[in-house]
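Colleague: Before I use this model, I would like to go through the terms attached to it and hear the grounds for each of them.

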Amino acid sequence: VILVGATTENPSFEVNAALLSRARVLVLEPLSPTDLRPIIDDMTAHDRVRGLVLDAYAAYEGQHADVS
């Protein structure tokens, strides 16, 4: 049985101890805009998704802009 789950909480507090002892817990870090750029470039190589992806990326950059 393969169980895949995700949580924004610490799994040590949110997951049953018996299950946690048999699980592999991976901590994922957010991708930076620099990390996302090659992925987006590859996706936008296809014309039908270009506008949608670029709009989403622009919104992402707007949310994560360095406001000084």
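**Terms and their grounds**

Modeller: Let me begin with burial in this predicted model: of the 68 residues of the chain, 7% count as buried. The accessible surface of the chain comes to about 6300 Å², and 57% of that area belongs to carbon and sulfur atoms.

Colleague: What is the secondary structure of the chain, and in what order do the elements run?

Modeller: The chain has 4 helices and 0 strands, and from the N terminus on the elements run α-α-α-α.

Colleague: Why is the contact between R37 and D41 called a salt bridge?

Modeller: The side chains of R37 and D41 meet at 3.3 Å, N to O, and because a salt bridge requires a side-chain nitrogen of Lys or Arg within 4 Å of a carboxyl oxygen of Asp or Glu, the pair qualifies. The structure holds 1 salt bridge. As for the placement of the partners, R37 and D41 are 4 residues apart in helix α3 (residues 33-43), which means that about one helical turn separates them.

Colleague: What makes R37 and D41 partly exposed?

Modeller: The relative accessible area is 32% for R37 and 40% for D41; partly exposed covers what lies between the 20% and 50% cut-offs, so both residues take that label.

Colleague: How do you know that V27 is exposed?

Modeller: V27 has a relative accessible area of 69%, and because exposed means over 50%, the label follows. V27 is found in the loop between α2 and α3, and its C-alpha atom is separated by 9.8 Å from that of N10, 17 residues apart from V27 along the chain.

Colleague: What makes L31 eligible for the nonpolar surface patch?

Modeller: L31, in the loop between α2 (17-20) and α3, has a relative accessibility of 43% and counts as partly exposed. Patch residues need over 30%, so L31 passes that cut-off. Together with I39 and M43, L31 makes a nonpolar surface patch of about 250 Å².

Colleague: Which residues are closest to the centre of the largest pocket, and how is its lining divided by class?

Modeller: The largest pocket has a volume of about 720 Å³. Of the 21 residues that line this pocket, G5, A6, R24, V25 and L26 are the closest to its centre. By class, the lining has 14 nonpolar, 4 polar and 3 charged residues. Among the residues closest to the centre, R24 falls in the charged class because Arg is counted there, whereas G5 is polar because Gly is placed in that class.

Key
Residues numbered from 1 in each chain as written. Predicted model: local features only at pLDDT ≥ 70, side-chain atom pairs only at ≥ 80, totals over all residues. Heavy atoms only, no water. 1 Å grid on protein atoms, 1.4 Å probe; cavity = no way out; pocket = protein on both sides within 12 Å on 5 of 7 lines; lining within 4 Å. Points joined across faces, edges and corners; volume = space filled by probe spheres on them. Helix = DSSP H or I, 4+ residues; strand = E, 2+ residues; numbered from the N terminus. Buried < 20%, exposed > 50% of the residue type's maximum accessible area, 1.4 Å probe, protein only. Patch = residues over 30% accessible without salt bridge, like charges linked within 9 Å, V, L, I, M, F, W, Y side chains within 5 Å. Areas by Shrake-Rupley, 256 points an atom, 1.4 Å probe, with all protein chains shown as cover.
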